[in-house]
Amino acid sequence: MTPLPAGPGAGARSVAAFALVAALAGLGAGCVDSTQDYFLNPDGSGKACFEVACNPERIAQAETEEDAAEDARRSMCEDPEGWARELLRQVVEESSGVTAWSRLEYVAERKGDIRLRGTVYFADLAKLRLEVPPGIEWPVLSRVSLGEAGWAVQLGQGVAPPAAAPATPTEEEIRRRVAALKAEYESGRNRADRSMENFNLVLAVHLPAAAAETALFQADAARRVLRLRYEGAKVKDAIHQLAADEAWWRSVAVQAGGLESDRLAQGINEKLFGECGFARAVAREAGRPLFDFAAEVAAATKAWPAMRKK
């Protein structure tokens, strides 16, 4: 597989203790059922169509500290539609790298669920950063140039290597770190398990050219549509398997960043898909645009004032 350069920051982001499973392989978690479709053009522009079903009460239970959970649940559950409006407002106002929004909407469903839908346009995938509240995080999909070898997309940026290689820890230091990591895991295990109970992510990436190489992604016959699915129950089982493996704990203990290193995300992927690493694909050719970016952005921009008033 063509090697990819490390990203500028963590592809796995900690929520709390081992609940940094919210990082999966660069993606987040928190009691949501999410479908996301990326459409990429050769120049790095594109759009992402998303639909997210979530339950405010379950998010509050999974993502807030015990002393604040009751107030959060009360606020989110008394006015779920108001919560949904505020969520969309926050995403729109605080995100960066966005060129336009289209068809943003929310629907209140039975059993207290809220379904959010929309499309985000971006001129450069590398600069897209969607800011969302805890419990509803967004996968970090990166696009990098490989020079004459083509270009690649990867789920999760990876963690940038330290400026200098860390000193090799002694056996005593490894044992001490393992004990501390296990204590961190136990303190967050129940919350992490709860956050996985209703989590499901289906991701599709539509490429402008056929993928010559893939890892973890499932490609269609033409190798131009890549799919990946994470199911909370399976992710939880994978974490429990890792936690029962003393050798895995030692491998984490010698990594810079501990549970925030790439070893957790990579370990989960190895259990789920049989490959240790991040989902990625390499294309050798630039390909052709999948859609007219300028025309769709112009239409979305024109419709935005009326949509924002809703």
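I began with helix α7 (helices being DSSP runs of H or I with at least four residues, numbered from the N terminus), which has 12 residues and reaches 16 Å from its first C-alpha to its last, close to the 16 Å expected at 1.5 Å a residue, where the expected span is 1.5 Å times one less than the number of residues. I noted that this is a predicted model, in which local features need pLDDT of at least 70, side-chain atom pairs count only at pLDDT 80 or more, and totals for chains, interfaces and linings use all residues. Residues are numbered from 1 along each chain as its sequence is written, and side-chain values use heavy atoms, with hydrogens and water left out.

I then looked up which residues of α7 are buried (under 20% relative accessible area, with exposed over 50% and partly exposed in between, for a 1.4 Å probe and protein chains only), and found Leu264, Ala265 and Ile268 among them. Their cover includes β10 (225-231), α5 (232-243) and α6.

Next I checked where α6 touches α7, with contact meaning heavy atoms within 4.5 Å: Trp248, Ser251 and Val252 in α6 meet Arg263, Leu264 and Gly267 in α7.

Just after α7, I found that glycine 274 takes a positive phi of about 80°.

I also looked at charges over rings (NZ of Lys or CZ of Arg within 6 Å of the ring centre and within 35 degrees of the ring normal). The charged end of lysine 47 sits over the ring of phenylalanine 39, 5.4 Å from its centre, while arginine 143 lies over the face of tryptophan 151, at 4.4 Å from the ring centre.

Last, I recorded that both tryptophan 248 and tryptophan 249 are buried.

How values were computed: Helix = DSSP H or I, 4+ residues; strand = E, 2+ residues; numbered from the N terminus.
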